[in-house]
Structure formats: C-alpha cells, structure tokens
Amino acid sequence: MNELWKYRRVLTRTTLYFLALCFLGAAVFPQYRSIALGMVLGSSVSLLNSFYLGYKVQKVLDTVTSGEGKKVNMGFMTRAATSVLAVVLAIQKPETFNIYAVAATLILSQFLLLFIGIRLTRKEE
C-alpha cells in the first residue's frame with residue numbers, strides 16, 4: 001500500500017495549496033468571500049472523505065490479507081453524512097458559505113486523485 005501514501009501526500013499538498021488560494025481570494029476580494037469560504041468548506045470535507053475512504057480501504061485490505069471472515073464496509077454512510085452536514089451548514093449560513101461553491105467542491109478530491117494518478121503513472125513510465 002505504498003501507493004496509497006504517495007497519493008495521499010500529493011493530494012494533501014495540492015488541496016492545501018487550493019485552500020490557501022481560497023483564503024487569499026476571500027481576503028483580497030471581499031465581495032466573493034462567501035464563494036471562497038464555501039470552496040474552503042467543500043474542499044475540506046472532500047479531503048476528509050478521501051482520507052476516510054483510504055483508511056477504510058486499508059482496513060479492508062488488512063482484513064482480507066489476515067484471512068478473517070468478518071464483514072467490513074467502506075463507510076459510505078459516514079462520508080455521505082459529512083457531505084450532507086457541509087451542505088446543511090451552507091444552507092443555515094448563506095451569508096458565510098455559498099451553497100453552490102460547497103456542492104461543487106465536494107468532489108474536488110476525486111478529480112484531483114484522477115489527475116494525480118495520471119501524472120504519477122506517466123512519471124513511472
């Protein structure tokens with residue numbers, strides 16, 4: 001599972017750069033502050049969900065390799081609940097978080113992982 005840690009490190013770095021840009025945008029352009037903070041909330045939840053999914057994949061892999069017969073799930077309900085919580089927070093505080101920005105960046109980690117995977121695969125060749 002060395003690949004998982006490599007992907008996680010690059011994803012974390014890329015997301016933190018994105019968060020820094022969003023905070024900078026919120027500071028420089030106050031008229032777009034709710035959009036920038038919505039993007040911060042959505043991308044933070046997206047990163048959290050991808051970390052949790054990586055943790056669950058590691059647990060499933062450990063369970064399979066140890067030969068145990070117990071059932072392990074992938075934690076979909078937990079990840080869905082954190083996403084719904086972010087959207088509900090944006091609905092409750094529309095002056096702080098833009099709902100469309102939150103919803104759009106909830107899938108940021110998945111797209112970043114796609115591009116990171118393509119880049120790392122080409123780098124190995």
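**Pocket**

A pocket is an open set of grid points with protein on both sides within 12 Å along at least five of seven lines. I began with that term, and I note early that the model I am reading is predicted.

I looked up the volume of the largest pocket. About 180 Å³ of space lies in it. Then I listed the lining. From the N-terminal part of the list I have Leu 4, Tyr 7, Arg 8 and Leu 11 among the lining residues. The lining also includes Ser 50, Phe 51, Leu 53, Gly 54 and Val 57. Gln 110 and Leu 113 complete the list. I sorted these by element. Helix 1 (2-28), helix 2 and helix 5 (108-124) each give two or more residues to the lining of the largest pocket. Helix 2 contributes the largest share, five residues. By class, I count seven nonpolar, three polar and one charged residues in the lining of the largest pocket.

**Arg 8 and Phe 51**

Two lining residues of the largest pocket, Arg 8 and Phe 51, came up again when I checked charges over rings. The charged end of Arg 8 sits over the ring of Phe 51. The distance to the ring centre is 4.8 Å.

**Aromatic pair**

How many aromatic pairs does the rule give? I get a count of one. The partners are Tyr 52 and Tyr 55, with 6.3 Å centre to centre and 35° between the planes. I logged both values because a pair of aromatic rings is described by the distance of the centres and the angle of the planes. Why is the pair called tilted? Planes under 30 degrees apart would count as stacked and those over 60 as edge-to-face, so an angle in the remaining range is tilted. The 35° of Tyr 52 and Tyr 55 gives a tilted pair.

I checked where the two rings sit in the chain. Tyr 52 and Tyr 55 are both in helix 2 (residues 33-66). They are three residues apart there, so about one helical turn separates them. Next came exposure. Tyr 52 has a relative accessible area of 25% and is partly exposed. Tyr 55 is also partly exposed, at 43%.

**Fold and record**

I stepped back to the whole protein. It has five helices and zero strands. Along the sequence the pattern reads α-α-α-α-α. The C-alpha atoms fill a box of roughly 55 × 35 × 15 Å along the principal axes. Of the 125 residues, 30% are buried.

I then opened the UniProt record, an unreviewed entry. For "transmembrane region" it lists residues 10-29, 35-55, 76-92 and 98-118. I compared two of those spans with the model. Residues 76-92 are 100% helix and 0% strand, with the end C-alpha atoms 24 Å apart. Residues 98-118 are 86% helix and 0% strand. The end C-alpha atoms of that second span lie 31 Å apart.

**Three single residues**

Which element holds Val 88? I find Val 88 in helix 3 (residues 76-92). Val 88 is partly exposed, at 39% relative accessible area. From Val 88 to Thr 63 I read 35 Å, C-alpha to C-alpha, across 25 residues of sequence.

Where does Glu 68 lie? I place Glu 68 in the loop between helix 2 and helix 3. Glu 68 is partly exposed, with a value of 45%. Ala 27 is 41 residues from Glu 68 in sequence and 52 Å away in space, C-alpha to C-alpha.

Is Leu 47 buried or exposed? Leu 47, found in helix 2, has 10% relative accessibility and counts as buried. The cut-off for buried is under 20%, so the call follows directly. The C-alpha atoms of Leu 47 and Gly 25 are separated by 20 Å, with their positions 22 residues apart along the chain.

Note on methods. Residues are numbered from 1 along each chain as its sequence is written. This is a predicted model: local features need pLDDT of at least 70, side-chain atom pairs count only at pLDDT 80 or more; totals for chains, interfaces and linings use all residues. Side-chain values use heavy atoms; hydrogens and water are left out. Rings of Phe, Tyr and Trp (its six-membered ring) pair if their centres lie within 6.5 Å; planes under 30 degrees apart count as stacked, over 60 as edge-to-face and the rest as tilted. Helices (H or I, at least four residues) and strands (E, at least two) are DSSP runs, numbered from the N terminus. Buried means under 20% relative accessible area, exposed over 50%, partly exposed in between (1.4 Å probe, protein chains only). A charge sits over a ring if NZ of Lys or CZ of Arg is within 6 Å of the ring centre and within 35 degrees of the ring normal. On a 1 Å grid over the protein atoms alone, a cavity is a set of points where a 1.4 Å probe fits but cannot get out, and a pocket is an open set with protein on both sides within 12 Å along at least five of seven lines; lining residues have an atom within 4 Å of a point. Grid points are joined across faces, edges and corners, and a volume is the space filled by probe spheres set on the points. Ala, Val, Leu, Ile, Met, Phe, Trp, Tyr, Cys and Pro count as nonpolar, Asp, Glu, Lys and Arg as charged, and the others, Gly among them, as polar. UniProt positions are given in the numbering used here, feature names are shortened, and annotations may be inferred rather than shown by experiment.
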